[in-house]
Amino acid sequence: MMATSGWCDLFSQEMFGLESDVIHPFISFSGEYTDNVFATNDDEEDDLISYITPGVWLALPGADAEVINIASSSSVPGGMSQTRFQNEEMGRYQGFFRYAPTFENYLDFDERDFISHKLDAYAAWNLAGGLSFELMDQYQDSRDAVEEETDSAEYNNNLLALTTSYAISDKLKARVDLGYYDVNYNSDAPEKDRKDLTATGFVLFDIRPKTTLFGEISHTDIDYDTKDFDSTEFKVFAGVKYDASERINAMGKIGYINKDLDDLDETDDTIGLEAFISYDLSDRIDLCANAKRGNEETTTSRFVTESMLSASGTYSLTSRISSALRLSVSEEEYKKIDRDDTTYTVSPSVKYQFNKRIYGSLAYMYTDRSASGQDKSDQSDYTENSVMLTVTASM
């Protein structure tokens with residue numbers, strides 16, 4: 001961190017856009033201890049792992065916080081892991097770029113050393129007459145977590161999405177999203193390679209200044225390169241988005257998911273939902289809860305229906321010290337095989353703000369996964385305890 005600060009002092013902050021909030025370099029150092037590095041239920045191995053993540057993000061016009069968070073997942077059809085709403089306060093145009101590699105090093109199992117890369121790019125244009133466009137791209141060169149299905153297979157994925165919206169009136173808006181998700185694994189797991197094409201339509205109506213009702217229809221075509229697991233998903237949702245004040249915001253949607261398995265000429269119907277609420281109970285206490293139900297892709301079976309619930313709370317002891325607790329539970333129902341997984345996680349943490357740009361955190365996480373059914377493997381059940389210390393500096 002001292003080296004980074006000294007390098008910046010050699011140049012004018014105005015020259016590099018630091019004063020105008022255009023350029024934001026950052027660096028993060030983390031050390032982790034885990035008692036089950038391979039996520040197994042026997043012959044558990046512990047290790048110390050270090051993570052170094054240097055990076056930079058740019059915004060034009062300048063911004064004091066990252067403009068967009070592109071949340072993607074290779075297991076989710078279409079790649080987009082959560083519903084994204086447009087920023088209504090954005091100006092005439094906005095550009096954003098973020099790049100961050102992570103250097104992962106193991107003390108004992110150095111064969112697992114790895115360098116991952118993540119790049120986000122985003123551009124938005126708001127035209128006269130209520131028409132707007134957003135173009136986003138996310139590239140990831142990374143690997144899966146250690147589990148018996150993938151054995152930490154490496155991948156490079158790319159998510160490209162275009163959003164077009166039109167304000168029909170002051171209260172009514174129509175929106176269309178088009179997405180292309182390219183999933184590419186290395187030679188250890190070529191059966192997971194696939195290409196997803198998604199088209200989604202929204203209608204949004206502001207019934208009150210801070211309350212929006214919306215309807216959503218989407219279609220995703222899932223095309224595997226080698227394995228005969230092709231399918232299509234059709235979803236219909238109705239929901240509400242609520243931003244009452246700076247202290248509370250919430251969103252909830254519920255609907256119907258139809259999955260058509262091409263080679264089996266079969267369909268599967270289920271209820272889908274997504275919901276979150278964030279509430280600042282007081283100046284010291286913040287609460288948050290999330291719930292989700294939907295399908296995920298897997299090569300262990302045809303697909304998985306996952307239900308997840310999480311809750312977290314943050315308490316500020318002083319202006320510099322805060323503590324947090326996160327609890328979550330997920331249920332995974334495997335289709336076409338006899339297996340169900342239940343995973344619990346508990347994670348308390350404490351954070352110390354050294355100054356405006358540097359903070360440190362200490363977190364503990366307990367994970368317990370249990371599986372049932374005739375098709376579970378010997379390694380399906382496992383527990384893991386891990387402790388992570390992190391220091392992050394940003395400009």
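# Exercises on a predicted 395-residue chain

At 10% relative accessibility, Thr211 counts as buried, and this residue of the predicted model is the subject of the opening exercise.

**Exercise 1. Place Thr211 in the chain and decide whether Thr211 is buried or exposed.**

Solution. Begin with the secondary structure: Thr211 belongs to strand β9, which covers residues 211-224. Next, apply the cut-off, under which a residue is buried when its relative accessible area is under 20%; Thr211, at 10%, therefore counts as buried. Then list the partners: once neighbours within four places in sequence are set aside, Thr211 is in contact with Phe205, Asp206, Val240, Lys241 and Tyr242. Finally, consider a distance across the model: Asp113 is 98 residues away from Thr211 along the chain, and 48 Å separates their C-alpha atoms.

**Exercise 2. Find which residues of the largest nonpolar core touch the most other members, and which elements contribute two or more residues to this core.**

Solution. The core has 20 residues, of which Ile68, Phe96, Tyr122, Met136 and Tyr185 touch the most other members. Two or more residues come from each of β2 (47-60), β3 (93-106), β4 (114-126), β6 (154-167) and β7 (172-185). To look more closely at one of these core residues, take Phe96, which, apart from neighbours within four places in sequence, is in contact with Trp57, Leu58, Ala59, Glu66, Val67, Ile68, Asp120, Ala121 and Tyr122. As general background, nonpolar side chains in soluble globular proteins tend to be buried together.

**Exercise 3. Describe the backbone at Pro61, Asp43 and Asp265, and say where each residue is found.**

Solution. As a reference for this exercise, most residues other than glycine have a negative phi, and most peptide bonds are trans. The bond that joins Leu60 and Pro61 is cis, with omega about 0°, and Pro61 has its place in the loop between β2 and β3. Asp43, although not a glycine, has a positive phi of about 50°; Asp43 is in the loop between β1 (23-34) and β2, and is exposed, with a relative accessible area of 68%. Asp265 likewise has a positive phi, near 55°; the loop that holds Asp265 runs between β11 (248-261) and β12 (266-280), and this residue is exposed at a relative accessible area of 69%.

**Exercise 4. Determine how far Arg369 is from Glu384, and whether Arg369 is buried or exposed.**

Solution. Arg369 is found in strand β17, residues 358-372. With a relative accessible area of 4%, Arg369 is buried. Its separation from Glu384 is 15 residues in sequence, while in space the two C-alpha atoms are 9.0 Å apart.

**Exercise 5. Compare the radius of gyration of the chain with that of a compact globule, and then summarise the chain as a whole.**

Solution. For 395 residues, a compact globule would have a radius of gyration near 21 Å, and the 22 Å of the chain agrees with this. The C-alpha atoms fill a box of roughly 60 × 60 × 40 Å along the principal axes, and the secondary structure comes to 1 helix and 18 strands. Of the residues, 39% count as buried, while the chain exposes about 20,700 Å², with carbon and sulfur atoms supplying 56% of this area. Among contacts with a separation of 6 or more, 55% are between residues 24 or more positions apart. For the charges, there are 34 positive and 73 negative side chains, and the centres of the two sets lie 9 Å apart.

Key
Residues are numbered from 1 along each chain as its sequence is written. This is a predicted model: local features need pLDDT of at least 70, side-chain atom pairs count only at pLDDT 80 or more; totals for chains, interfaces and linings use all residues. Side-chain values use heavy atoms; hydrogens and water are left out. A nonpolar core is a set of buried Ala, Val, Leu, Ile, Met, Phe, Trp, Tyr and Cys residues joined through side-chain atoms within 4.5 Å. Buried means under 20% relative accessible area, exposed over 50%, partly exposed in between (1.4 Å probe, protein chains only). Helices (H or I, at least four residues) and strands (E, at least two) are DSSP runs, numbered from the N terminus. Contact means heavy atoms within 4.5 Å. The radius of gyration is taken over C-alpha atoms; the globule rule is 2.2 Å times the number of residues to the power 0.38. Accessible areas come from the Shrake-Rupley method with a 1.4 Å probe; for residues, only the protein chains shown count as cover. Lys and Arg count as positive and Asp and Glu as negative; His and the chain ends are not counted. The place of a charge is taken as NZ of Lys, CZ of Arg, CG of Asp or CD of Glu.
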